[in-house]
Amino acid sequence: MSEVSQLRIDATGPVDRDAALGTLAAHAVDGLHHVDTEKAELTRWIDIHGEPHPVAVRLDADGATVSTATHDEGINAEITRRVRHWFDLDTHLTPVNAHLGADPLFAEQVARRPGIRITRFHTPFEAAILTVLGQQVSLSAGRRFAARLVAAYGAHPPEGTPNSGLRCFPMPAVLAAAPIDEVRAAVGLTGVRARTVHEVAVLFAAAADHTVLPARDELRAVYGVGPWTVDYLAIRAGTDPDAFPMTDAVLRRTLSAVSPERDAVRVESWRPFRSYAASRLWAHSL
């Protein structure tokens, strides 16, 4: 980037950048963002008040350094706020780690990797659409669907600007206005999945603030959205520290290998930090 601003964002405690980067890389979407695990850096475009801005986020053990292409203090303040939420940098992990570390399942991991936090999607809308695209298919298939969606409906940034090879994620109004059959054909979805994408877009487009995750009952009212999706989004798009998608394939597989007959009891013992327990189990699988 030329004429860059460097924003330093310190976390409230340690940051396990490998866990965050592993999550980012596992869910990377071609054309939307680029994850460089060697540099510990993510580059992409983000929308701020209707305008695209390129950012590069480099993670380290104490937080993140963000490069932006603007010196506007208001925009950089909003970018800082989003990065803090994105990588859960404001959470004090001491009580979380003390509680989860009391379980032998997490004791060694907590001692060795105290900085595992929740790595969220950039925005709730992006999270909801990408999660719907990934329902009941492999991770690679979900990423292919997402790449096609971004290619078909993502906004082109200005030519000659940083990250010009990437696109912005489609805005809710754009996907809400697209005919369902058009989305189905462009992305390669079933009619059912295309309808869910449409209804999610309509829900966010109609919201007073589409940067906030809708309430659980609003999400559950969307055709094709079930309990797993709602719990998953509560962790990776919202602020709920105590959600746990029990039917998640990775979580079930990890738990079954450890305590197949005590899953429910064990999960209940992790309250009120089940979202962080899920994040630790996901990190264990990467």
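In this predicted model, Val-187 sits in helix H8, which spans residues 180–187. With a relative accessible area of 0%, Val-187 is buried. Beyond its neighbours within four places in sequence, Val-187 is in contact with Leu-133, Phe-145, Arg-148 and Leu-149. One of these partners, Arg-148, is 39 residues away along the chain, yet its C-alpha atom is separated from that of Val-187 by 5.2 Å.

A second buried position is found in helix H3 (residues 94–100), where Asn-97 lies. Asn-97 counts as buried because its relative accessible area is 11%, below the 20% limit for that class. Its side chain has two polar partners to look at. The Asn-97 side chain reaches the backbone oxygen of Pro-114 at 2.9 Å, and it also makes a polar contact with the side chain of Arg-280 at 3.4 Å. Leaving out residues up to four places away in sequence, Asn-97 touches Val-110, Pro-114 and Arg-280.

Asn-97 falls within a stretch annotated in UniProt: the unreviewed entry places the feature "domain: DNA-3-methyladenine glycosylase AlkA N-terminal" at residues 6–123. Over residues 6–123, the chain is 34% helix and 28% strand, and the C-alpha atoms at the two ends are 22 Å apart.

Turning to the open spaces, the largest pocket holds about 710 Å³. It is lined by 33 residues, and those closest to its centre are His-27, Leu-139, Trp-228, Tyr-232 and Asp-248. Several helices each supply at least two lining residues to the largest pocket: H1 (17–26), H5 (124–133), H6 (139–153), H11 (227–236), H12 (249–258) and H14 (274–285). By class, the lining of the largest pocket comprises 18 nonpolar, eleven polar and four charged residues.

The second largest pocket encloses about 390 Å³ of space. Of its 25 lining residues, Ile-46, Asp-47, Phe-169, Met-171 and His-210 are the closest to the centre. Two or more residues of this lining come from each of strand E3 (41–48), helix H2 (73–86), H5 and helix H7 (172–177). Strand E3 gives the largest share, with four residues. The lining of the second largest pocket is made up of twelve nonpolar, seven polar and six charged residues. Helix H5 is thus worth following by eye, as it contributes to the lining of the largest pocket and to that of the second largest pocket.

Conventions: Residues numbered from 1 in each chain as written. Predicted model: local features only at pLDDT ≥ 70, side-chain atom pairs only at ≥ 80, totals over all residues. Heavy atoms only, no water. Buried < 20%, exposed > 50% of the residue type's maximum accessible area, 1.4 Å probe, protein only. Contact = heavy atoms within 4.5 Å. UniProt positions renumbered as here; feature names shortened; annotations may be inferred. Polar contact = N/O pair within 3.5 Å; in protein donor to acceptor, adjacent residues only side chain to side chain. 1 Å grid on protein atoms, 1.4 Å probe; cavity = no way out; pocket = protein on both sides within 12 Å on 5 of 7 lines; lining within 4 Å. Points joined across faces, edges and corners; volume = space filled by probe spheres on them. Nonpolar A, V, L, I, M, F, W, Y, C, P; charged D, E, K, R; others polar.
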